[in-house]
Amino acid sequence: MAEMSIHLDTDHMARAAADYIVTASQSAIAARGGFSIGLAGGSTPRVLYGLLATDAFASQIDWSRTHVFWGDERCVWPDHPESNYRMARETLLDQVSLPPCNIHRMRSELEPHEAAHEYEKTLQHFFANHSVAGEHGAGFDLILLGMGDDGHTASLFPGTQALYEQDRRAVANFVEKLGVWRITLTASFINAAATVLFLVAGASKAERLQQVLHDPYQPDLLPVQMVRPVHGRLVWIVDSAAASQLS
Ligand code: 6PG
């Protein structure tokens, strides 16, 4: 079951997403004593992370019981301008009282396969030993995702090897068109989440969003279509520019 809300602009979109995340954190913590969230990279989430860092929202989240992960990471050092970890740290993590041991960074400075293998172990350990695992015990309480204008999400790019990984939770993925390695969660692990929340903004995404939602299932071209939570909720929070071609 998918839900979509369309918002006037990116500020209203970010506010709706922040409200959603606060509510999800409160219900997860009330139900299981903790909240596990996977963060998206790229630029769209910046406005959301900045909002979550404000007292109005940060004060509504129990950061001591919140565990932060990433959906993907560039294979760069954590202080590199391209690092998704650095972006989240600067816009959110450094502004809130999150215990360092609750921050589960992909160590993307390692050799890609080594970094992915280590993250696989991190996820295995966490979801085997923490009662905070998603309500079906297998995945995140909430994972935040963006969508590239080519239809990728996390670092699941069209035509790449990682699309069809069924057993692992996290893998290294060579992205031919960028000529780079990435670390990414797999579609199957993303789909184990209790909630998948897509945040999509801007006119540049409008045509692709229309295709993702209304064209036939073609995951090799539109990896976003692989995101179908097994038990969880699929939520789209978009701005009017991104939604401008939706029938
Ligand atoms: C990344 C992201 C990626 C992102 C999309 C959209 O590492 O770049 O995880 O999947 O969500 O590329 O990026 P924008 O929000 O910058 O458009």
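Ala, Val, Leu, Ile, Met, Phe, Trp, Tyr, Cys and Pro count here as nonpolar, Asp, Glu, Lys and Arg as charged, and the others, Gly among them, as polar. The model is predicted: local features need pLDDT of at least 70, side-chain atom pairs count only at pLDDT 80 or more, and totals for chains, interfaces and linings use all residues. Residues are numbered from 1 along each chain as its sequence is written, and side-chain values use heavy atoms, with hydrogens and water left out.

**Exercise 1. Describe the shell around the ligand.**

Step 1. A residue is near the ligand if one of its heavy atoms lies within 4 Å of it. There are 15 residues around the ligand, and S43, T44, D72, A154 and K205 come nearest.

Step 2. Sort the shell by class: two residues are nonpolar, nine are polar and four are charged.

**Exercise 2. Find polar contacts of the ligand, then its cover.**

Step 1. Look for pairs of N or O atoms within 3.5 Å. The side chain of R74 has an N or O atom 2.8 Å from a ligand oxygen. For G41, a backbone N or O atom lies 3.4 Å from an oxygen atom of the ligand. N84 brings a polar side-chain atom to 2.9 Å from a ligand oxygen.

Step 2. On its own the ligand has 420 Å² of accessible area (Shrake-Rupley method, 1.4 Å probe), and the protein covers 87% of that area.

**Exercise 3. Place the ligand in the largest pocket.**

Step 1. On a 1 Å grid over the protein atoms alone, a pocket is an open set of points with protein on both sides within 12 Å along at least five of seven lines, while a cavity is a set where a 1.4 Å probe fits but cannot get out; lining residues have an atom within 4 Å of a point. The largest pocket holds about 400 Å³ of space, a volume being the space filled by probe spheres set on the points, which are joined across faces, edges and corners.

Step 2. Of its 25 lining residues, G41, G42, R74, G148 and H152 are closest to the centre of the largest pocket.

Step 3. The ligand takes up the space of the largest pocket (more than half of its atoms must lie within 2 Å of the grid points).

**Exercise 4. Examine the largest cavity.**

Step 1. The largest cavity has about 70 Å³ of space.

Step 2. Its lining divides into nine nonpolar residues, one polar and no charged.

Step 3. Strands are DSSP runs (E, at least two residues), numbered from the N terminus. The largest share of this lining, three residues, comes from β2.

Notes. Polar contact = N/O pair within 3.5 Å; in protein donor to acceptor, adjacent residues only side chain to side chain. Helix = DSSP H or I, 4+ residues; strand = E, 2+ residues; numbered from the N terminus.
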